[in-house]
Amino acid sequence: MNLDVASAMTTTAPLAPSDWSMDVQVEGSQFTAVVMQSGSVMCRLSVVCPDGDEAAARSKLADMARLWIHEYLSRAEDA
């Protein structure tokens with residue numbers, strides 16, 4: 001799944017499966033991604049963007065989320 005359309009075009013991280021999603025919450029200059037699988041929260045990731053550039057924060061969070069999802073799914077395969 002493309003967690004963020006803009007970053008999906010340039011990312012080197014593997015794309016997430018379709019049952020994964022990401023919601024971004026903003027509090028000041030902190031941007032927090034809530035990463036979900038089939039609606040269940042699996043993790044939260046956060047970045048601080050002092051300039052408040054939400055598009056850049058979303059792209060960075062999407063890349064971080066894709067890598068986290070890939071690593072998480074790899075752990076499940078190894079178990």
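Does W20 count as buried or exposed, and at what relative accessibility? At 1% relative accessibility, W20 counts as buried, where buried means under 20% relative accessible area, exposed over 50%, and partly exposed in between, with a 1.4 Å probe and protein chains only. The model is predicted: local features need pLDDT of at least 70, side-chain atom pairs count only at pLDDT 80 or more, and totals for chains, interfaces and linings use all residues. Residues are numbered from 1 along each chain as its sequence is written, and side-chain values use heavy atoms, with hydrogens and water left out.

The strands come next. Helices (H or I, at least four residues) and strands (E, at least two) are DSSP runs, numbered from the N terminus. Three strands make up an open sheet with antiparallel pairing, in the order β1-β2-β3; two strands pair if DSSP finds at least two bridges between them. Strands β1 and β3 stand at the edges, each with a single partner strand, so one side of each is left without a neighbour in the sheet. Direction ignored, neighbouring strands of this sheet are turned by 20° against each other on average. The axes behind such angles are lines fitted to C-alpha atoms, for helices over the stretch in contact, and angles run from 0 to 180 degrees between N-to-C directions.

Strand β2 covers residues 30-37 and is mostly covered, with six of its eight residues buried. Its antiparallel pairing with β1 extends over eight bridges. Among the residues bridged to β2, S21 has M36 as its partner, and E27 has Q30. A hairpin joins β1 and β2 with two residues between them, and G28 in the turn has a positive phi of about 65°.

On the other side of the pairing scheme, β2 and β3 (residues 40-48) are antiparallel over eight bridges. These two strands also form a hairpin with two residues between them; here S38 in the turn has a positive phi of about 50°. Within β3, R44 is the bridge partner of V34.

R44 can be followed further. This residue of strand β3 is exposed, with a relative accessible area of 56%. Not counting residues up to four places away in sequence, R44 touches T32, A33 and V34, contact meaning heavy atoms within 4.5 Å. The C-alpha atoms of R44 and D23 are separated by 9.6 Å, the two residues being 21 apart along the chain.

Helix α2 lies across β1, β2 and β3, and runs at about 135° to β3. Aromatic side chains link this helix to the sheet. A pair of aromatic rings is described by the distance of the centres and the angle of the planes. Rings of Phe, Tyr and Trp (its six-membered ring) pair if their centres lie within 6.5 Å; planes under 30 degrees apart count as stacked, over 60 as edge-to-face and the rest as tilted.

Searching the whole structure gives three aromatic pairs. One of them joins W20 and Y72 edge-to-face, at 5.9 Å centre to centre with 75° between the planes. W20 lies in strand β1 (residues 20-27) and Y72 in helix α2 (residues 54-78), so this pair ties together parts that are 52 residues apart in sequence. Y72 also pairs with W68, this time stacked, at 5.1 Å centre to centre with 15° between the planes. Both W68 and Y72 lie in helix α2, four residues apart, which is about one turn of the helix. Together, W20, W68 and Y72 form one aromatic cluster. Within the cluster, W20 is buried at 1% relative accessibility, whereas Y72 is partly exposed at 26% and W68 is partly exposed at 21%.

The cysteines remain. How many disulfides does the structure hold? It holds zero disulfides, a disulfide being a pair of cysteine sulfur atoms within 2.5 Å. C43 is in no disulfide, and the nearest cysteine sulfur, that of C49, is 17 Å away. Why is C49 not bonded to C43? The 17 Å from the sulfur of C49 to the closest cysteine sulfur, in C43, is too far for a bond. C43 is buried, with a relative accessible area of 12%, and C49 also counts as buried, at 14% relative accessibility.
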